[in-house]
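Student: Please take a close look with me at one part of this model, the second largest pocket. Which residues lie nearest its centre, and which elements give two or more residues to its lining?

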Amino acid sequence: MQKNNKYEWDLDYLLNNKSFDYLFNTWVNKQKQVLNLYPNFYKNINNFKQWIKVNDELEIIENRLSNYVSNNLNTDLINTKWLGLSQKINMIDNQISSQMSDYTNIVIKNKKLIQAYLKDKSLKKYQIGFDRILRFEPHILEPNVEKSLAKISLANGGVAHVFSTLTDSDLKFKPAADKNGKLSKIITTSDVTKYLKSDDRVLRKNTWINFNLAYDEIANTLTQTLYYTYLRYNSSAKLRGFKDYVSASAFADEIDKSFILNIYKNVESFKSIYSTYKNKIENLLKKQLKINKLEPWDRSMDLASKPIKVTIEQTQKIVLDALSPLGKEYLSHIKTAFNERWISWLPKKNKLTGAYSIGGIKGLDKFYILMNFDGTMGSVETITHELGHSMNSYYSCKAQDVYVDTRIFYAEIASITTETLLILYLLNKYKNDKTMTNFYLKRLLDNFFASTTRQIEFSNFEYEANKMINNMQPFATDTIKNLFLQMLKKYENLSDVKLSEFKKEPYKYYLSTILRIPHFYAGNFYVYKYAIGQICGLIVAYKIYHGDKGMLNKFIKFLSSGSSLSPLDTIKILGIDLNTKKPYDDVKQIIKRLLSKFKF
């Protein structure tokens, strides 16, 4: 059993006072029950009810099991026990999925029968899930084809894995020399982040060059990898009767492809405030660094701040104070997370880096968070962000019986809201302090534009790159870099003079940035969704912070909705309609107010 360490999560709670072997064997037996029911699950209403019941039970058991194993593994990544169990669970899951690969075909073939069953009072709540399956009827292939595709699906993540291996393991960076000629090794992107914030400008420059140069030297390989990635995704989409990969991804999110184009158009309208933001930051950094020209390797520097070190207990108090606009009930659940050990706080050797709040939440009432707390305000921001996700899970599980999981389309809204409330709280706390005001304004606005302008540049590039594939246009490294330049011009309004700099050394190495976006290789047209989270989260937080009780009530309803509605209808609970210009105009006004708060 785990030690009663208040800084470590209580994963034994997932065992429900039983042994791990008991939980594992229960899961295996429940899997067997599902398989036994499968051939006849649709043949009469009693079979169908039993099928639904056993699958619900399996999901809850599997969530306990998989979270217990994966979270233990993530605190000790080389532990052979947890690694072996993780692999074993995945293998069993894949075998079960393969044996039931024609499930969708069966549901569609027997839809009239199943629709009749769903009229039963005890089954009505499952209607939405089956409606979502039936939406795909025009895109389902013959059962034998689906089974064949299921058998080869284990290789679906192959390209993404190869990309990850190449860039995280095989790619080597030249060490960066500082002003005294001392070499610093660049092993990971964490090293790059650290060196780009160094007071040594020579180290910053050499880090920036060597990092971008390494990617530029394999740009041809990455270009071809991306080409065959998109070729495959588009071929698979067309096989199922979609126009292309982007259309298939949009369909899965219950939107039209035109919605994505609408986001591009509206975020393009941010370029004026984006230019204002860049100019303000540039002037402040030039003054702080005492330089005449701000180079790319200077832009990651934080504005000067007073160094603040905090304990975990101090962090908890800051979080509770910052999130007080969300009300006493919300704060009580945050306190529960702290007091009942939902959080693995401290870094240690072989622990997963970064942070997350768990998925697979149905049947749970602890929504665990992994952290690597370092005593800085950055860690305070991180835990506030992840608590936003965990509170979303809490409210969803409390309100929903079936549709508890949050859709990735809007998942970041909850966490961006809490993180923004923290920054607004700190801005008020330090409102008479020029240094800290500028520091936190930059943090907030950096996050906003990184998730809107920056991610939409990437997404629009991806959209156009896929169009090139489908139009059978040449897909070469120079073409890809020029396409990225077009995105920079479109969203950042760069002058021709500025654009021409990207054709000179060392600036030209930067254009290979577009080839190192992991999401491009993962088979999910995804990155534009970052903008949705940021725009909605900022609007919600700003209104709640300024006492809008109506928005607070809408926010709690939003958190409680789970996946019971379509993504856009879920967001409409907040009073935000992303098909209109209003939210984009609203967020621009908020940004303008924030920009006016910089102190020179």
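Tutor: Let us start with the whole chain, where 75% of the contacts (heavy atoms within 4.5 Å) between residues at least 6 apart in sequence join residues at least 24 apart. This is a predicted model, in which local features need pLDDT of at least 70 and side-chain atom pairs pLDDT 80 or more, while totals for chains, interfaces and linings use all residues. Residues are numbered from 1 along each chain, and side-chain values use heavy atoms, without hydrogens or water. The C-alpha atoms fill a box of roughly 80 × 55 × 50 Å along the principal axes, and the chain has 25 helices and five strands (DSSP runs of at least four and at least two residues).

Turning to your pocket (an open set of 1 Å grid points where a 1.4 Å probe fits, with protein on both sides within 12 Å along at least five of seven lines), the second largest one holds about 1,100 Å³ of space. Its lining, meaning residues with an atom within 4 Å of a point, comprises 33 residues, and Glu146, Leu149, Asn156, Ser236 and Arg240 lie nearest the centre. Two or more lining residues come from each of the helices H4 (103-109), H6 (127-134), H7 (143-152), H11 (219-239) and H12 (245-252); H11 gives the most, with five residues. By residue type, the lining of this pocket divides into 17 nonpolar, nine polar and seven charged residues, where Asp, Glu, Lys and Arg count as charged and Gly is among the polar ones.

Note on methods. Grid points are joined across faces, edges and corners, and a volume is the space filled by probe spheres set on the points.
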